[in-house]
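Work through the following exercises with the sequence and the coordinates open beside you. Each task is followed by a solution that goes step by step.

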Amino acid sequence: EGQTGVLTGKSGSGKSTLIYAIGGAIPPESGYIYYGGRQMYEAEREIRKEMSLVYAQPNFNTELTPKILGKEIHKFEPWFEGQAFLAGMEQLGVDSAMRVKLLSEEQQRKMMVLMELCRKPKLLVMDEGTTGMEEASRMEIWEMIREYRKNRELTILCSTHHEEEIAAADHVWNLEENTCHSVG
């Protein structure tokens, strides 16, 4: 809890597949997924409430504006912090009145990470959450996560190829080599 785990490995090694299985987008072919000592599918509703996922591509209607998207999320998840989402969008310089599909890839990623943090998760899972971003924008994302962690406990599991993200992790799992090691 409260640590950062990173998945590494070449393309095709299974990083995204594992994240999609954790997120429930695909069923695992074998084995089990545990969270907090509970098997995912035995307590899925409670677990999913504590978890936020950032996939490599938006998994929502990109015809919507971030402003409308935030309102829609709040309808189904009353704990969603809509005002913090809009304030964060402004702080990140992302136009909340523009349809998501018209935002740059970098702006979409910033919006997706912010949106998931506004769900108040205890676990944030990101599939290549900062891929395709300039270094300054990657740093901005991680600063946003550090700010969130000042007020809430947050565990992170992410896949990445960025050396600075790997170096900052508490644990690194290389799926290609089937190895795990703790950092520090």
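**Exercise 1. Determine how accessible Lys75 is, and find its salt-bridge partner.**

Lys75 is exposed, with a relative accessible area of 60%, where exposed means over 50%, buried under 20% and partly exposed in between, for a 1.4 Å probe and protein chains only. The model is a predicted one, in which local features need pLDDT of at least 70 and side-chain atom pairs count only at pLDDT 80 or more, while totals for chains, interfaces and linings use all residues. Residues are numbered from 1 along each chain as its sequence is written, and side-chain values use heavy atoms, with hydrogens and water left out.

The partner of Lys75 is Glu72, at 3.0 Å from N to O; a salt bridge is a side-chain nitrogen of Lys or Arg within 4 Å of a carboxyl oxygen of Asp or Glu. Glu72 is partly exposed, at 31%. The two residues are 3 apart in helix α3, which means that about one helical turn separates them; helices (H or I, at least four residues) and strands (E, at least two) are DSSP runs, numbered from the N terminus.

**Exercise 2. Compare the sequence separation in the salt bridges Arg48–Glu44 and Arg99–Glu63.**

Begin with Arg48 and Glu44, whose closest N and O atoms are 3.0 Å apart. Both belong to helix α2 (residues 44-49), where a spacing of 4 residues puts about one helical turn between them.

Next take Arg99 and Glu63, with closest N and O atoms 2.6 Å apart. Arg99 lies in the loop between α4 (82-92) and α5 (105-117), and Glu63 in the loop between β4 (51-54) and α3 (66-76), so this pair ties together parts that are 36 residues apart in sequence. Arg99 is partly exposed at 34%, and Glu63 is partly exposed at 38%.

Finally, extend the search: Glu63, Arg99 and Lys101 are linked in a network of salt bridges, and the whole structure holds 13 salt bridges.

**Exercise 3. Which strands pair with β6, and in what sense?**

Strand β1 (residues 4-8) pairs with β6 in the parallel sense over 4 bridges, pairing being assigned if DSSP finds at least two bridges between two strands. Within this pairing, Val6 stands opposite Cys158.

Strand β5 (residues 123-127) also runs parallel to β6, joined to it by 5 bridges, and the bridge partner of Val125 there is Leu157.

As a last step, consider the cover of β6 (residues 155-159): 4 of its 5 residues are buried.
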